[in-house]
Amino acid sequence: MPIGKFDFESPEFIAKLVSRVLIGLGVLVVLVAFFSSYTVISPGYTGVIFNVWTGSLRTVPQGMAWRMPWITDVQSYPTALRTYTMVRRTGEGSAQGDDSIDLPTREGQHITQDISVTFNTSEDQAAQVFKAFRGADIADIEATFIRRTIITVAQNVAGQMSLSEVISSKRNDFQNEIQKNLSVEIEKMGFHLDKVNLGASHLPQSLEAQMQQKMAAQQQAQQAEYELQKQQMLAKAEVAKAEGQAQSILVRAKAQAEANRLLQSTLTANLIQSKAIDKWDGVLPQVSGTSTPFVDLRSVKTTKE
């Protein structure tokens with residue numbers, strides 16, 4: 001039965017309806033095909049286009065890349081440096097919660113270690129990464145391969161070193177050894193390692209207490225050694241002072257002896273008598289002896305007059 005102007009049961013109406021639906025579907029397919037015919041590769045990434053029919057791979061740089069809809073898959077991999085971080089503090093690492101690495105040392109002690117790894121791939125190696133991980137996204141690769149490899153390499157290196165070497169005396173060697181071994185492992189899969197950075201080392205409370213006691217004992221020993229050296233230096237200074245004073249006395253004594261010798265060599269009887277006369281005040285001495293240098297000067301005085 002016709003309703004208004006339209007007869008929904010008439011062949012003409014059905015034909016028009018089908019025609020319009022087909023046209024709409026065609027337009028929709030064309031639009032989907034158009035928007036599926038290209039993809040945008042973000043800056044700092046290289047795109048890998050995989051043809052599911054032929055199995056061929058080709059890489060494209062950042063920007064717009066054309067592709068065949070429903071026949072090709074596209075995946076992007078970082079050519080700019082990318083950092084994967086594993087730390088204890090929540091919210092700072094690539095994973096949630098305490099994500100620091102458990103490291104066994106040569107003595108069987110265990111610590112946890114913060115670490116970050118910076119890496120990337122190149123346009124030439126992006127296809128190798130795609131094949132190695134079957135087109136997986138970079139986030140999935142980090143959460144599996146990169147993460148496991150970091151843990152394995154770090155634990156193997158730490159297991160060959162003592163606790164004190166890991167956390168202090170050979171920490172740079174520890175970091176460099178991790179970087180060398182990790183670089184070999186991830187380059188097999190098409191990645192390039194830029195840098196390994198070690199963060200804080202976290203000791204168990206019991207072990208940390210032992211380390212603090214050891215450090216306190218070392219500081220006390222160093223203080224005692226310093227005090228001993230100080231006392232030794234003061235003693236040496238006193239000895240040097242005494243030696244200097246003795247040397248000074250000896251020099252003065254030698255100088256006085258030399259002066260006395262020179263004075264003695266210049267003294268004569270006449271000179272002594274002359275000096276005595278110059279010093280005499282004309283009063284006869286109360287006491288005299290055979291060795292006195294004084295003589296009767298009255299005759300000398302009479303003669304002068």
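**Entry 1. Strands β2 and β5**

I began with a single residue pair and found that glycine 47 stands opposite serine 76 in β5. I note here that the model is a predicted one. I then looked up the pairing around these residues: strand β2, residues 45-51, runs antiparallel to β5 and is joined to β5 by 7 bridges.

I next traced the sheet that holds these strands. The sheet is open, has 3 strands in the order β3-β2-β5, and is paired in the antiparallel sense. I recorded β3 (57-60) and β5 (72-78) as the edge strands; each has a single partner strand, so one side of each lacks a neighbour in the sheet. For the twist I noted an average of 25° between neighbouring strands, with direction ignored.

**Entry 2. The whole protein**

I set down the overall figures before going further. The protein has 8 helices and 9 strands. Of its 305 residues, 26% are buried. I noted an accessible surface of about 20,900 Å², and 56% of that surface belongs to carbon and sulfur atoms. I also looked up the contacts between residues at least 6 apart in sequence: 66% of them join residues at least 24 apart.

**Entry 3. Strand β8**

I asked how many residues of β8 are buried. The count is 10 of 11, so I describe β8 as largely enclosed by the rest of the structure.

I then listed pairings of β8. Strand β6, residues 82-86, pairs with β8 in the antiparallel sense over 5 bridges; in this pairing methionine 86 has isoleucine 115 of β8 as its bridge partner. Strands β7 and β8 also run antiparallel and are joined by 4 bridges, and isoleucine 101 is the bridge partner of glutamine 113 in β8. With β9, strand β8 forms an antiparallel pairing of 8 bridges. There I noted phenylalanine 119, whose bridge partner in β9 is leucine 193.

**Entry 4. The β7-β8 turn and threonine 105**

I examined the connection between β7 and β8. The two strands form a hairpin with 5 residues between them, and glycine 108 in the turn has a positive phi of about 95°.

Threonine 105 is found in this loop, between β7 (101-104) and β8 (110-120). I asked whether threonine 105 is buried or exposed. Its relative accessibility is 6%, and it therefore counts as buried, the limit being under 20%. Its side chain makes a polar contact of 2.8 Å with the side chain of glutamate 107. Setting aside neighbours within four places in sequence, I found threonine 105 in contact with Ala158, Gly159, Met161, Ser162, Leu163 and Val166.

**Entry 5. Aromatic pairs**

I looked up the aromatic pairs and found 4 in the structure. I classed the pair of phenylalanine 119 and phenylalanine 191 as edge-to-face, because the ring centres are 5.4 Å apart and the planes stand at 90°. Phenylalanine 119 lies in strand β8 and phenylalanine 191 in the loop between α5 (171-187) and β9 (192-202), so this pair ties together parts 72 residues apart in sequence. Both phenylalanine 119 and phenylalanine 191 are buried.

I then recorded the pair of phenylalanine 133 and phenylalanine 145, which is tilted, with 5.2 Å centre to centre and 55° between the planes. Phenylalanine 133 lies in the loop between α2 (126-132) and α3 (138-158), and phenylalanine 145 lies in helix α3, so the parts tied together are 12 residues apart in sequence. Both phenylalanine 133 and phenylalanine 145 are buried.

I closed the entry by asking which residues form one aromatic cluster. They are Phe119, Phe133, Phe145 and Phe191.

Note on methods:
Residues are numbered from 1 along each chain as its sequence is written. This is a predicted model: local features need pLDDT of at least 70, side-chain atom pairs count only at pLDDT 80 or more; totals for chains, interfaces and linings use all residues. Side-chain values use heavy atoms; hydrogens and water are left out. Two strands pair if DSSP finds at least two bridges between them. Axes are lines fitted to C-alpha atoms, for helices over the stretch in contact, and angles run from 0 to 180 degrees between N-to-C directions. Buried means under 20% relative accessible area, exposed over 50%, partly exposed in between (1.4 Å probe, protein chains only). A polar contact is a pair of N or O atoms within 3.5 Å; within protein, one must be able to donate a hydrogen and the other to accept it, and residues adjacent in sequence count only if both atoms are side-chain atoms. Contact means heavy atoms within 4.5 Å. Rings of Phe, Tyr and Trp (its six-membered ring) pair if their centres lie within 6.5 Å; planes under 30 degrees apart count as stacked, over 60 as edge-to-face and the rest as tilted. Accessible areas come from the Shrake-Rupley method with a 1.4 Å probe; for residues, only the protein chains shown count as cover.
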